[in-house]
Amino acid sequence: MSSSFPAVVDLNVGGRHLTTSLSTLTKYPDSMLAAMFSGRHPIAKDKDGRYFIDVDGDVFVHVLNFLRFGKMPPPERASEVNEYADYFGLQELKAPITEDFNKVIYGIWKEKVPNYQGYWVEVKRQIGDRTSKYFYIYVGTSRSCVEYPRRSTMLLHDPGMNNIIRLHVPRDEFTHPTVLLNLLAKDLEKMNIFTDYCETGCVNCTCQAAMRFKIGR
């Protein structure tokens, strides 16, 4: 039924006028766009005869660029485009965006922790001594906060204080201890170690935080 559509298609995407080829829109046969422009799915026209798609045209243009050239969106638009990948059934677009976006965020975090490699080496060393499947990594920027998390915490399956890896860092090294914890969590995934909870203390000064980890799924 695609013969009912012209080879060059004029679009009105949320008020933005775009033009592309029919072959671009139908590149992935199982996508919603292919269904819309093959006659399998109804599609309205505006008063000037353009096919109307009711989404943000400034985001949709990145979907078109992927269909045309296989080009990924810029990092600042990746999250939005990822939602459109879900909506239009373009799984080929979705997975790479998530991966690239996470790499960008990881890079931004790492710039905030100049001595990250030293902390990472220390965490790996202490993980080798773990006897429990669950453990905390505690990050504190103040020596006066070493009792956090306390023995009374309900988050640890084994509440012994020996199940806490403690990292003490210079207070002016980065803005918030969760930055370091998120970096560690990302790298620990490669060792089949995953986080399921993060808590912070000293809300006013953001001097400490702890993240719970589990070895294996």
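I began with strand E4 and its pairing to strand E5 (residues 164–168), and found the two parallel, joined over 5 bridges. The model I am reading is a predicted one. Within this pair, I located Ile137 opposite Ile165 of E5.

I then looked up the pairing of E4 with strand E7 (residues 208–215), which is antiparallel and runs over 7 bridges. Here I noted that Phe135 faces Phe213 of E7.

Next I asked how much of E4 is covered. Strand E4 spans residues 134–140, and I recorded 7 of its 7 residues as buried, taking buried to mean under 20% relative accessible area. I sorted these residues by direction: Tyr134, Tyr136, Tyr138 and Gly140 point one way, while Phe135, Ile137 and Val139 point the other way, and all are buried. I bore in mind that side chains in a regular strand alternate between the two faces of the sheet.

I turned to another part of the model. There I found an open sheet of 3 strands in the order E2-E1-E3, its pairing mixed. I noted that E2 (16–21) and E3 (51–53) each have a single partner strand, so these edge strands are each left with one side lacking a neighbour in the sheet. From one strand to the next, I read an average twist of 35°.

For the E1 to E3 pairing, I recorded a parallel sense and 3 bridges, with E1 covering residues 8–13. I identified Ile53 in E3 as the bridge partner of Val13.

Lastly, I checked what packs on this sheet. Helix H3 (residues 57–69) does, and I found that H3 touches E1, E2 and E3. I entered about 10° for the angle between the direction of H3 and that of E2.

Conventions. Residues are numbered from 1 along each chain as its sequence is written. This is a predicted model: local features need pLDDT of at least 70, side-chain atom pairs count only at pLDDT 80 or more; totals for chains, interfaces and linings use all residues. Side-chain values use heavy atoms; hydrogens and water are left out. Two strands pair if DSSP finds at least two bridges between them. Helices (H or I, at least four residues) and strands (E, at least two) are DSSP runs, numbered from the N terminus. Axes are lines fitted to C-alpha atoms, for helices over the stretch in contact, and angles run from 0 to 180 degrees between N-to-C directions. Contact means heavy atoms within 4.5 Å. Buried means under 20% relative accessible area, exposed over 50%, partly exposed in between (1.4 Å probe, protein chains only).
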